[in-house]
Amino acid sequence: QVQLVESGGGLVQAGGSLRLACAFSGHTFSMYAMGWFRQAPGKEREFVAAISRSGGNTNYADSVKGRFTISRDNAKNTGYLQMNNLQPEDTAVYYCAARYVPVVASYYYTNNNDYNYWGQGTQVTVSS
């Protein structure tokens, strides 16, 4: 059974940085594309970043381009989201997600409905 566990959230001042981690278990991590999403109070969950199985292809929401970096370490079964220059509008619960991709290692996915597995979320709060 695939499980995802996020960590690394917290409270940070505007302009600060956080690194989120997503620990994967229950299957072969390198067979799964990964994504990060976030949900602010009163808003729908939105796409943040995605990475292919191999790690060679990535995609970002316009709102985080140049500030956030998605990566993965398949040997450690862990995905990451490095968040720099955080702003109050980045405040949300951040979720990692995984999708089994048995054939093409270069695909990434940007829609909620593309993912089969989700973590429980980690809170990120940015104060002004």
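A nonpolar core is understood here as a set of buried Ala, Val, Leu, Ile, Met, Phe, Trp, Tyr and Cys residues joined through side-chain atoms within 4.5 Å. In the structure described here, which is a predicted model, the largest such core has 36 residues, and those with the most contacts inside it are Trp36, Val48, Phe68, Leu81, Met83 and Tyr94. At least two residues of this core are supplied by each of the strands β3, β4 (32-39), β5 (46-51), β7, β8, β9 and β11 (122-127). In soluble globular proteins, nonpolar side chains tend to be buried together.

With respect to overall architecture, the chain contains 11 strands and zero helices, and its elements, read along the sequence, follow the pattern β-β-β-β-β-β-β-β-β-β-β. The radius of gyration is 14 Å, close to the 14 Å that the globule rule gives for 128 residues, so the chain is as compact as a globular protein of that length. The C-alpha trace spans about 45 × 25 × 25 Å along its principal axes, and buried residues account for 41% of the 128 residues in the chain. Of the contacts between residues at least 6 apart in sequence, 62% join residues that are at least 24 apart.

One open sheet is built from four strands in the order β1-β3-β8-β7, with antiparallel pairing. Its edges are formed by β1 (3-7) and β7 (68-73), each of which pairs on one side only, and neighbouring strands of the sheet are turned by 15° against each other on average, direction ignored. Within this sheet, β3 and strand β8 (residues 78-83) run antiparallel and are joined by six bridges, while β7 and β8 likewise pair in the antiparallel sense over six bridges. Leu81 of β8 takes part in both pairings, being the bridge partner of Leu20 and also the bridge partner of Ile70.

The surroundings of Leu81 connect this sheet to the core. When residues up to four places away in sequence are not counted, Leu81 touches Leu18, Arg19, Leu20, Trp36, Val48, Ala49, Phe68, Thr69, Ile70 and Tyr94. Among these neighbours, Trp36, Val48, Phe68 and Tyr94 are themselves listed, with Leu81, as residues having the most contacts inside the largest nonpolar core. The edge strand β7 has two unlike faces, a covered one that carries Phe68, Ile70 and Arg72, and an uncovered one that carries Thr69, Ser71 and Asp73.

A search of the whole structure finds one disulfide, which is formed by Cys22 and Cys96 with their sulfur atoms 2.1 Å apart. Cys22 lies in strand β3 (residues 18-25) and Cys96 in strand β9 (residues 92-100), so the pair ties together parts that are 74 residues apart in sequence. The link of Cys22 and Cys96 is right-handed, with 60° about the S-S bond, and both Cys22 and Cys96 are buried.

The connections on either side of β8 each contain an asparagine whose backbone conformation deserves mention. Most residues other than glycine have a negative phi, and most peptide bonds are trans. β7 and β8 form a hairpin with four residues between them, and Asn77 in the turn has a positive phi of about 55°. At 31% relative accessibility, a value between the 20% and 50% limits, Asn77 counts as partly exposed. In the loop between β8 and β9 lies Asn85, for which phi is near 50°, again a positive value in a residue other than glycine. Asn85 is partly exposed, with a relative accessible area of 40%.

The loop between β8 and β9 also holds Asp90. Because its relative accessibility is 0%, and buried means under 20%, Asp90 counts as buried. Leaving aside residues up to four places away in sequence, Asp90 touches Arg38, Arg67, Phe68, Asn85, Val124 and Val126. The contacts of Asp90 thus include Asn85, which is found in the loop between β8 and β9, as well as Phe68, which belongs to the covered face of β7.

Technical notes:
Residues numbered from 1 in each chain as written. Predicted model: local features only at pLDDT ≥ 70, side-chain atom pairs only at ≥ 80, totals over all residues. Heavy atoms only, no water. Disulfide = S-S within 2.5 Å. Buried < 20%, exposed > 50% of the residue type's maximum accessible area, 1.4 Å probe, protein only. Pairing = 2+ DSSP bridges. Axes fitted to C-alpha atoms, helices over the stretch in contact; angles between N-to-C directions. Contact = heavy atoms within 4.5 Å. Rg over C-alpha atoms; globule rule 2.2 N^0.38 Å.
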